[in-house]
Amino acid sequence: MKLSRIFLALLLLGGLAGAARPAQAKLRVVSTLQDFASIAAAVGGDRVETFSLAKGYQDPHFVDAKPSFVLQLSRTDLLIVAGLELEIGYLPPLIDQSRNDKIHPGSPGYLDASVGCEILGRPTGQVTRAMGDVHPYGNPHYWTEPENGRVIARAIAARLSQLDAAGRDTYAKNLAAFEQKLTAKEKEWDAKMAPYAGTKVITFHDSWPNFAKHFKLNIVGHVEPKPGIPPSPTHTLEIINLIQAQKVPVILVEPYFDKKTPDYVAGKTGASVVTLFPSVGGTPAIKDYFALFDTDIDAFLAGVKGKR
Ligand SMILES: [Zn+2]
């Protein structure tokens, strides 16, 4: 009787310890963008916990380096970055301060998601400050392209398997499910966008080259005179003339920019202003990588309707 009670107590303790262990053993994945966190959560399942430094409604070039990020990074097993210097303004000092060797560039715990992706807008010739905030390695807003999403998911699965060999089968299974869903959704998105192939658009910042290429939109100009440079009266006038001359139906604006200039231009031209979200979390409805395209495509379609 007494023995069996001790046994029961041990069993309970063992059960509690067993219940607590998976939580402790979870791989801590930190990404700079919620998009990568979303893909990592899909591929990692319950073997990982994810955290994103930038929130989807923030301009990904300018992220406040909170002290809590250092603590996060000090405990990180895998850091996923956009690379191409998107995070150059805030991330390198955070990595240094974390004193976590696992996540230094070149370590297995550092994953540059741009590797293997189609990168557009690689400048030819010399990049100077006069060109604005141009990234010398190409346009870092490459994740709003489903096929790049697939490349990123595969890279994350491979890296998770390397860091956590016991989860290899889980990661392979989750990756297959992610890819299957992506393939199905891509057909749906492509079909929705097909009638609008060739549509001319103005975008606020140069955030959409990959999205536009995939969905066959034709970006003819930007509200920013140069990347990262706020609208100027001269350039705004040029954009108004361009929209009128080329009958551009929509102006796409990222959620973190002031709509004053786009609204002014729209008032002069009749083009519609559409908020397009570059990232998961841009609005609460965008809970994952699939919802990102669902939301953006519906917003685009609503904006372009009756305009061309
Ligand atoms: Zn940019």
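Which residues is Leu160 in contact with, leaving aside its neighbours within four places in sequence? I looked this up in a model that is predicted. I found Leu160 in contact with Leu27, Val29, Val43, Gly44, Val48, Leu78 and Tyr171.

**Entry: the cores**

I went on to the core that holds Leu160. This is the largest nonpolar core, with 53 residues. I noted Leu160 among the members that touch the most others, together with Phe36, Ile80, Tyr142, Ile152 and Phe300. I then listed the elements that give two or more residues to this core: β1 (27-31), α2 (34-44), β3 (78-81), α5, α6 (168-193), α7, β7 (250-253) and α10 (289-304). I checked which of them gives the largest share, and α10 does, with nine residues. I found another core lying apart from this one. That second core has 15 residues, including Val30, Val63, Val70 and Leu91. For background I wrote down that nonpolar side chains tend to be buried together in soluble globular proteins.

**Entry: the zinc ion**

Next I looked up which protein atoms serve as donors to the zinc ion. They are the NE2 atoms of His61, His141 and His205, and they lie 2.0 to 2.2 Å from the ion. I recorded the spacing of these donor residues in sequence as H-x79-H-x63-H. I then took the pair His141 and His205, which links distant parts of the chain, 64 residues apart. I placed His141 in the loop between β4 (110-112) and α5 (146-163). I placed His205 in the loop between β5 (200-203) and α7 (209-214). Are His141 and His205 buried or exposed? I found both of them buried.

**Entry: the sheet**

I traced an open sheet of four strands, in the order β6-β5-β7-β8, with parallel pairing. At the edges I found β6 (218-222) and β8 (272-275), each of which pairs on one side only. I noted an average twist of 35° from one strand to the next. I then looked at β5 and β6, which pair in the parallel sense over four bridges. Opposite Ile219 in β6 I found Val201.

**Entry: helices on the sheet**

I followed helix α8, residues 233-246, and found that α8 lies across β5, β6 and β7. Helix α8 runs at about 150° to β6. I then turned to helix α9, residues 260-269, which packs on the sheet and touches β7 and β8. The direction of α9 makes about 175° with that of β7.

Definitions and conventions
Residues are numbered from 1 along each chain as its sequence is written. This is a predicted model: local features need pLDDT of at least 70, side-chain atom pairs count only at pLDDT 80 or more; totals for chains, interfaces and linings use all residues. Side-chain values use heavy atoms; hydrogens and water are left out. Donors are N, O and S atoms within 2.8 Å of the metal (3.2 Å for Na, K and Ca); water is not among the atoms, so sites may look incomplete. Buried means under 20% relative accessible area, exposed over 50%, partly exposed in between (1.4 Å probe, protein chains only). A nonpolar core is a set of buried Ala, Val, Leu, Ile, Met, Phe, Trp, Tyr and Cys residues joined through side-chain atoms within 4.5 Å. Contact means heavy atoms within 4.5 Å. Two strands pair if DSSP finds at least two bridges between them. Axes are lines fitted to C-alpha atoms, for helices over the stretch in contact, and angles run from 0 to 180 degrees between N-to-C directions.
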